[in-house]
Amino acid sequence: MNQRRSRRPAPRPPEGTPAPAELARMARSGLADAARVARWADTELGPGRGSATADGKATLSAATAERAARELGLTPDQVRADWDTARLAGLVEVHGDSARPGWRLRAWDRDDSAVLRGWVALFDAWSLACPEPRDHEPAAVAEVVSAMPQVLSFLQLSAGPVPVEQLLDLLEQRVTELRTARCEIPYGPQPEPQPEPQAEPAPTDAPLAPLLDWALRALASVGALTYGDGQATLTPLGSWAVWVKLEQICVAAQSPAGNIEQAAEDMLRGCAQLRPNAARAEYRAWLAARTVGSAVTELLAAARGEDALLRGLAFEALRVVGAPAEPDVRAVLDEPTLRPYALLWLAEHDGTDPEDAHEVLTREEATWLWVDTAAAVADHGEAPLLVRHLESAVQPTVPMLLDEVRAVGHPRTVQVLVALAAAHPDPALAKAVRRAAFQVHTGGS
């Protein structure tokens, strides 16, 4: 008798939420100026037509902004603002010190899901859409950014205008909770407190009203809400995006292997026995419960450990993160342990077919990666897998492979060769591999 697993029914957005096609129309309308500037750059600033940027961060140069303003009938400031919006929405992608059209721009007129994902990317980056208010400590700004999801959830549940005073009360409560949660109380006897002269309030005790005003204006600038007359109201797009985020958290809480609350290393170990699709679902659930920055930092820390299997899995999880992980992945290129993985990740991110990505590695890097992968197989796999791993080496013969493996200096070389010798059914080949392991161990030739 055939049985099918029961599946969680597809969640339905709140009643009154426009259909996806209508939401996409709203998003296209809101991002029309950004798409226009991105298309202009695609046509006028393609390869061989000069650089669009000046500061190594894909910021439009003054000359390019003025030229675009003339041709599009805008001011240079409008062009720069639309360019920044296009970058945040993924219509323009930054690669190193250059920018190029993103895949969403190519799909903009025909793919509603691409448009909505672009708008959600802009929504996620709301804190970058408007300059932070001056004379406020970065810590206070960070607290408000961390607290705003709860404020947005309250707006979404209210389904209508909410007075700013009520939002300020909620923000103050949430910030207090955040400060309490990270408060550390020292153990042991403490000296008697000494009276101190009256001082100015700490920066984090400053009034939050100006920061709430900034946050609401920034969210209004990306089209997530309307703000005026002392109240705020989510737009249909904003309400839908908040619902999407809440749904992601619910999915994460029901992650199939239950790894949402685990640290990156433990989560990766939990995914080691899953099939690729199931592992990717687990990565998505784990990522949905964290900020991108903290998740990427955790994954790279796990990749730096001694377990080669976790190294490979960490970069698989980083593939799920996608473009937001690029600066951090690029930053580890100077770390020999991570460099081959980072090069492959960046090649695939730049559009190289995964089957051809290995061509970006030097012979030495490919050999180092072969040993690292063999270490993962030796530690966690079965003997036949290790034998089959021989076929993936770039060297055409086993003697050449052994020579280059010995030269590459991987710290697990001896263990890998010993495990391969024990697993291989060919006595002559196994003997040669054991000899190579002995030579590496003793430092002989």
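**Exercise 1. What share of the contacts in the protein with a separation of 6 or more is accounted for by residues 24 or more positions apart?**

Solution. The structure is a predicted model, and the share asked for is 64% of the contacts in the protein with a separation of 6 or more. To set this value in its frame, take next the secondary structure, which comes to 21 helices and 5 strands. The protein has 445 residues, of which 40% count as buried, while its accessible surface comes to about 25,000 Å², with 52% of that surface belonging to carbon and sulfur atoms.

**Exercise 2. Find where Ala-34 lies, decide whether it is buried or exposed, and list its contacts beyond four places in sequence.**

Solution. Begin with the element: Ala-34 belongs to helix α2, which covers residues 32–44. Next, compare its relative accessible area of 2% with the cut-off; because buried means under 20%, Ala-34 is counted as buried. Then leave aside the neighbours within four places in sequence, and the residues in contact with Ala-34 are Asp-82, Thr-85, Ala-86 and Leu-91. Finally, look at Asp-84, which is 50 residues away from Ala-34 in sequence, although the two C-alpha atoms are 8.0 Å apart in space.

**Exercise 3. Examine the backbone angle phi of Ala-159 and of Asp-229, and place each residue in its loop.**

Solution. Start from the general expectation, which is that most residues other than glycine have a negative phi. Against this, Ala-159 has a phi near 55°, a positive value in a residue that is not glycine, and its place is in the loop that runs between α7 (138–158) and β3 (162–163). Asp-229 likewise has a positive phi, near 55°, and is found in the loop between β4 (225–228) and β5 (231–234). For the last step, the relative accessible area is 69% for Ala-159 and 82% for Asp-229; since exposed means over 50%, Ala-159 is exposed, and so is Asp-229.

**Exercise 4. Which residues form a negative surface patch, and where is the place of Asp-356?**

Solution. The negative surface patch is formed by four residues, namely Asp-353, Glu-355, Asp-356 and Glu-359. Taking Asp-356 from this group, one finds its place in the loop between α16 (339–349) and α17 (363–380). The relative accessible area of Asp-356 is 37%, and because a patch takes in residues with over 30%, Asp-356 meets that condition. Asp-356 is nevertheless described as partly exposed, because exposed would require over 50%.

Notes
Residues are numbered from 1 along each chain as its sequence is written. This is a predicted model: local features need pLDDT of at least 70, side-chain atom pairs count only at pLDDT 80 or more; totals for chains, interfaces and linings use all residues. Side-chain values use heavy atoms; hydrogens and water are left out. Patches are made of residues with over 30% relative accessible area and no salt bridge: like charges are joined within 9 Å, nonpolar side chains (Val, Leu, Ile, Met, Phe, Trp, Tyr) within 5 Å. Accessible areas come from the Shrake-Rupley method with a 1.4 Å probe; for residues, only the protein chains shown count as cover. A salt bridge is a side-chain nitrogen of Lys or Arg within 4 Å of a carboxyl oxygen of Asp or Glu. Lys and Arg count as positive and Asp and Glu as negative; His and the chain ends are not counted. The place of a charge is taken as NZ of Lys, CZ of Arg, CG of Asp or CD of Glu. Helices (H or I, at least four residues) and strands (E, at least two) are DSSP runs, numbered from the N terminus. Buried means under 20% relative accessible area, exposed over 50%, partly exposed in between (1.4 Å probe, protein chains only). Contact means heavy atoms within 4.5 Å.
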